[in-house]
Amino acid sequence: MAFPILSVIILAPLAGVLAIAVIPKQRLLAIRSTAAAATFVSLVGSVLICVLYNRVAGGMQFVEKLPWIKSIGISYSLGVDGISCPMVLLTGIVIFTGVLVSWSINERVKQFFINLLLLSVGAFGVFCSRNLFFFFLFYEIAVLPMFLLISVWGSGDKYYGAYKLTLQKIGGSVLVFIGILVLYAVSGQNTFDIAALSRADYLISVQKILFLVLCFGFGVLALLWPLHTWAPIGHAAAPTAASMFLAGVSMKMGAYGILRVAIGILPEGAKAMMPYIAVLAIINIVYGAIVAMAQTDFKYIVGYSSVSHMGLVILGLATLNWVGISGAVFQMFSHGVMTAALFALVGLVYGQTHTRDIRELGGLATKLPIITGVFVLAGLTSLGLPGTSGFVAEFLVFMGAFKAYKVITVLAIIGSALTAVYVLRVVRRVFFGPISKKWENLDDATAFEMIPLLILAGAQIFFGIHPGALISLINLGAKAVAVKAGGGLL
Amino acid sequence: MRMTALIPEAIIFITALLVLLLGVLLEEKQKTYLSFLSAVGIVFAVAVEILLKNASFPLYNDILLIDPLSVFFKVFFLVVALFIIVISYELVEDPDYVGEYFALILFSTLGMMIISSCGELITMYVGLGLVSLPLYALVTRSPVIKSTGDENYKGKEAGTKYIILGMLSTAVLLYGLTILYGLTGTLVVKEIYHNLTGPITHPALILSFAFVLMGFGFKIGMVPFHTWVPDTYEGAPTQISAFLSVASKAAGFVLLLRVFVGALAGSRVYWIPLVEILAILTMFLGNLAALSQNNIKRLLAYSSIAHGGYALVGIAVLSEMGISGTLFYLIAYGCASLCAFTAVIVFSNATGSDEIKDYAGLYKRAPFLALALTISLLSLAGIPVFAGFAGKFYIFASAAYGQLYTLLVCALINGAISLYYYLRIVKEMYTSKPSTEEIIPIPPIFKVVLWIESMAVVLIGIYPWIFIRITQDVARSFLAGF
């Protein structure tokens, strides 16, 4: 048997959790470095699978399989294809930088890192599972850690945020759960294996209903309008690393679920229903951008910008063609690192100013040149400037979308142009203009704090200049889905 | 020598008598050995049961059935009784009551073992009496409240309510059984099954099976026969609440399988919709009522009602997967519920309170206790990777496979509702500020029990196949009888 690299990626944070559990809680440095080491192992593993993935052979690679509950076809089966690889990499980057950003947490450090690492176990598991039982198990694993992260280490109206986020996610999970079990029942295959389920025949009426159930179920995490309401409130309440994870990875788990489960298993249903989903995606894009323009809380702005950007992802998926889906997956990655960077920066600023109201901030560029620089870069990625990964993503999505839905795409482009308005507004308000007296003694990011910022910024630039590194992977996975869904190559 | 199959019952019976007798004879100090003696008796009984695991034969002309189902439930009841006896270690302060207490638990367990094997209605009725009468005594005979030394009126009220409603339901059950006998001319369940193949049209028959269902529903805590549950669980000593919520509820399920399904499987199309509706009502009532509870024992009582509803799903499906789903769910629920009640016992022994608000900041005062309670509550809520998740997944998959989609959707909605009140406790424990920083001591024996229970919850959740395989064999052999 080959080296079980995927199991290592998934279980490294879990090993970290167990190690942290036995470290005495006074030894802060040991706890922090254990967390960093565990996530670093996962990060290295995820880089390795992206590099080592055989781009000629394609398909599922690094597969592992162990029988689990034999009588109903459940096995612990892992594998990655061209779509999962970037997602695993994204999770690795976000969780590692998340740990580094949380270095300065001083309250209940041990529990904090245990919860944070548990989140990543779930995310890695979701992106690597080839069996719906384990997919759903990993999908649900993060419920309590996220609840605790927000309600213990959060700020503002944290209990409300934690409950709203948790219950809304569970509501979505109920739909997903129903969808999975009904798929199992109607497929007649007596298995939860994703590949086997996608080969089964389903009646078109069943496909349509199940597709909608799954799409709305995953849509809660993927911020499909009008199910997105947990996001801004949850983000505002969450501590920095949890916000980074929520926006950077959790939302992608939803979109990945739509792509892998809903579209992958029910292509006919997808074809029938996607035009309606595309309309919702448009609302996402335009509504998210307009609401973001009116916000004054830093985190709300980034939160609503996620609503808008996830709309782009959903629009890309809704095209069902090769280019559109590739663009969607690329946007998932690009938005993941970009929004993680934004939340990390907001966290750094908030840590010193203790306010997130952009009306009170101003002129920080003179004091915080590095933070400003990275923020501007992430902002430019957000509005899709050429040279950043955001441009590649948006370009592909719109190219695919124009083929599928002409009017909608025009609206989407106009909507996403609004991104420039709120991004530049924040940049101007917060970082430029006259600086207020009380911000005179702010400190810029320390050398240590720059490590996560550089990783996140580097990813945006590297994949903006050299998108081929990821596109060559994504194309392989997206092509398989597009062909199956009959959306054509462009 | 088929009679050897009854050795476990004999062991328990003799142990119970011995405990009762020694309880009178022994010196006060030596009475701590009684719990040890009871535990040893149970361990021996379990060992013999495990040797019998492949046995399948009737005894005394179908009056008692020894088959995988009976062995499964007997082991289940014995293990639960063992845990209850261990966690009762410090409960009984009145030396005159020590012997009686353990003997009553053993007698009740003996009754449960008899109904696990019953193939005939009179035996079933006698067994049920043996289950219930000791429980009435155990619930009513609550110790005085430690802090004030007052009589525990809540316990007396709980006991009275339990006795009156219990008697009533037994009477109704007996009435139903009488009609069944009158219509079929036999008391043996198997013969009743063979005599009742056609559609159920006779009004008396409908009445009889409604009455029987009512009688068993009382044990399960099925709506609308659940009203005793919250008051009794709250008022009874917590050890006995745990016993009621796990063993006594499972006894209701074994009766349902043995007698109700056993006699009426031929006309399932008529009663399955009824069971389905009752399961849905039970889940909704249990979960909605649990939302507003402030006492943790009442909350667990309502949640146990709801879990009875989930386990009923498998009965409504009535396939091999469904029955094994119910059995597996009982295991998963049993572990988590025992763990939760054990944690509650430790907490209330130390603080004298069962109020949820007093659990504030428990993670600081007793980190391990908070962790164990969190694990059990999350398992009850059906969060992975704990046993409850595997149990829910499996039993709901059986409902989907049986195309009971309404039931499936209702059950899943309930799963989401229940998360709220379980999270409330977790939130109290981990985020609220404790009113006092005082450390809560966990006695070593409770520490061991909590470890075993919480590890069981985790391990069953991670690798459920061990138990699913067993329950599947049990279900297959049970259904092969039809």
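Me: What makes a residue of chain A count as buried, and what share of the 490 residues is that?
Reply: Buried residues make up 62% of the 490 residues in chain A. A residue is called buried if 20 or more other C-beta atoms, placed from the backbone, lie within 10 Å of its own, exposed if 12 or fewer do, and partly exposed in between. Before we go on: this is a predicted model, in which local features need pLDDT of at least 70 and side-chain atom pairs count only at pLDDT 80 or more, while totals for chains, interfaces and linings use all residues. Residues are numbered from 1 along each chain as its sequence is written, and chains are lettered from A and ligands numbered from 1 in the order in which they are written.

Me: Why is chain A called as compact as a globular protein of that length?
Reply: Its radius of gyration is 21 Å, close to the 23 Å from the globule rule for 490 residues, so the description fits. The radius is taken over C-alpha atoms, and the rule is 2.2 Å times the number of residues to the power 0.38. Those C-alpha atoms fill a box of roughly 70 × 55 × 40 Å along the principal axes.

Me: How many helices and strands does chain A have, and what makes a run count as one?
Reply: Chain A has 19 helices and 2 strands. They are DSSP runs numbered from the N terminus: H or I over at least four residues for a helix, E over at least two for a strand.

Me: How do you know which residues of chains A and B are in contact, and how many are there?
Reply: Two residues are in contact if their C-beta atoms, placed from the backbone, lie within 7 Å. By that test, 28 residues of chain B are in contact with 26 residues of chain A. Helix α17(B) gives the most to chain B's side, with 13 residues.

Me: What makes residues on that side of chain B nonpolar, polar or charged, and how do they divide?
Reply: Ala, Val, Leu, Ile, Met, Phe, Trp, Tyr, Cys and Pro count as nonpolar, Asp, Glu, Lys and Arg as charged, and the others, Gly among them, as polar. The side of chain B that touches chain A has 23 nonpolar, 4 polar and 1 charged.

Me: Which residues touch the most other members of the largest nonpolar core, and what makes it a core?
Reply: A nonpolar core is a set of buried Ala, Val, Leu, Ile, Met, Phe, Trp, Tyr and Cys residues joined through C-beta atoms within 7 Å. The largest has 395 residues, and A:Ala255, A:Ile314, A:Ala341, B:Val313 and B:Leu408 touch the most other members. Helix α13 (residues 320-351) of chain B brings the largest share, 20 residues. Leaving out residues up to four places away in sequence, A:Ala255 touches A:Ala222, A:Met310, A:Val313, A:Ile314, A:Leu317 and A:Met332.
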